[in-house]
Amino acid sequence: SIPCYRKPKTKRAKRFLEKREPKLKENTKNAMLIKGGNANSTVAEVLKDIYAVKKPFAILYKKKNITRPFEDQTSLEFFSKKSDCSLFLFGSHNKKRPNNLVLGRMFDYHVLDMIELGVEKFVSLKDVKNSKCPEGTKPMLIFAGDMFDVNEEYRRLKSLLIDFFRGPSVPSIRLAGLECVLHFTALDGKIYMRSYKVLLKKSGCKIPRIELEEMGPSLDLVMRRTHLASDDLYKLSLKQPKALKPKKKKNVSHDVFGTTYGRIHMQKQDLSKLQTRKMKGLKKRPAEKSAEGDGSRPKKSKSV
């Protein structure tokens, strides 16, 4: 049966639906942070701190929600459609999986992939007595460790973290605006998340001296369960509309450093007609002139 959609009756409802229509350039992805029915204080603090880093592109649900993402995703999909969020972070706690976080993303309001992480050590924003970055600061993301490039699960986790923390797309960057650094290290089966504030110090030249000051939150995570999308579905989620794809230009190529090279096609040149500098040494001899005259033009008979 074909689903029947009701037309909006008010202009406000029409604007609301237009905002959610597919666009060539999608909006900045919003994230929803949800507490499970048995979340403890540590998980609640983690969600609060990540919400502070992610603001204003995040929604924190304060009430507890009894759901299990790996068994049933219907409630997550309902919240995603209700709040128009394509990213989620679900926190829970139990004896089998203490201090548990589930990081995931949606495609067409259905769960695309999600990864379960366990929090082994946590230092909150309040525990680090340093100055913090202002709200809405776009962070710089750094990934260290071979596992992010070798292992498929870690590679998908890296993609998830980039999606979650990347922030809005900007056309230009101001040096003073590079204030926040999120560093992720994969080592010995663990993922270490550290956040730093960038300090620009005087160096005696135009380029400032850079120092990093830890500001929190910091997490020591271990990977647990994973729910990854199939290769076909993952490729479908990455598909771009034809209007955004750059048109290929003929005979134009680019190298690794971004230099543009163009190939020009020219007709074959007749070097015999090339104009050279007039010199006595380059003058044609009478024999050459007579040979050219014999070959190109017939001799005229002299009139008596």
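Below, a colleague quizzes a modeller about the terms used for this predicted model.

Colleague: What should I know before we start?
Modeller: This is a predicted model, so local features need pLDDT of at least 70 and side-chain atom pairs count only at pLDDT 80 or more, while totals for chains, interfaces and linings use all residues. Residues are numbered from 1 along each chain as its sequence is written, and side-chain values use heavy atoms, with hydrogens and water left out.

Colleague: What makes glutamate 116 and arginine 97 a salt bridge?
Modeller: The term asks for a side-chain nitrogen of Lys or Arg within 4 Å of a carboxyl oxygen of Asp or Glu. Here the N to O distance is 3.4 Å, so the pair fits the definition. Glutamate 116 sits in strand β5 (residues 110-123) and arginine 97 in the loop between β3 (87-92) and β4, 19 residues apart. Helices (H or I, at least four residues) and strands (E, at least two) are DSSP runs, numbered from the N terminus.

Colleague: Which arginine of strand β10 pairs with glutamate 116?
Modeller: That is arginine 225 of strand β10, so the pair ties together parts that are 109 residues apart in sequence. The closest N and O atoms of glutamate 116 and arginine 225 are 2.9 Å apart.

Colleague: Why is glutamate 116 called buried?
Modeller: Buried means under 20% relative accessible area, exposed over 50%, and partly exposed in between (1.4 Å probe, protein chains only). Glutamate 116 has 1%, so buried is the word. Arginine 225 has 26%, so it counts as partly exposed.

Colleague: What about the salt bridge within helix α5?
Modeller: The side chains of arginine 156 and glutamate 152 meet at 3.5 Å, N to O. Both residues lie in helix α5, four residues apart, about one turn of the helix. Arginine 156 is buried at 4%, and glutamate 152 is partly exposed at 37%. Both also belong to a salt-bridge network with Lys29, Arg105, Asp113, Arg155 and Asp163. The structure holds 15 salt bridges.

Colleague: How do you know that Leu175, Leu200, Ile210 and Leu212 form a patch?
Modeller: Patches are made of residues with over 30% relative accessible area and no salt bridge; like charges are joined within 9 Å, and nonpolar side chains (Val, Leu, Ile, Met, Phe, Trp, Tyr) within 5 Å. Leucine 200, for one, has a relative accessible area of 38%, so it is partly exposed. Leucine 200 lies in strand β8 (residues 190-201). Together the four residues show about 380 Å² of accessible area (Shrake-Rupley method with a 1.4 Å probe; for residues, only the protein chains shown count as cover).

Colleague: What makes a space a cavity or a pocket?
Modeller: On a 1 Å grid over the protein atoms alone, a cavity is a set of points where a 1.4 Å probe fits but cannot get out, whereas a pocket is an open set with protein on both sides within 12 Å along at least five of seven lines; lining residues have an atom within 4 Å of a point. Grid points are joined across faces, edges and corners, and a volume is the space filled by probe spheres set on the points. There are two cavities of 30 Å³ or more, and the largest cavity has about 120 Å³ of space. Its lining includes Ile50, Leu89, Phe164, Met193 and Leu221. Helix α5 gives the largest share of that lining, three residues.

Colleague: How much space lies in the largest pocket?
Modeller: About 1800 Å³. Of the 42 residues that line the largest pocket, Lys23, Glu26, Asn27, Lys29 and Ser86 are the closest to its centre.

Colleague: Why is aspartate 188 called exposed?
Modeller: Its relative accessibility is 72%, so it counts as exposed. Aspartate 188 lies in the loop between β7 (180-187) and β8, and has a positive phi of about 55° although it is not a glycine.

Colleague: Which peptide bond before proline 217 is cis?
Modeller: The one from glycine 216, with omega near 0°. Proline 217 lies in the loop between β9 (209-214) and β10. The bond from lysine 55 to proline 56 is cis too, with omega near 5°.
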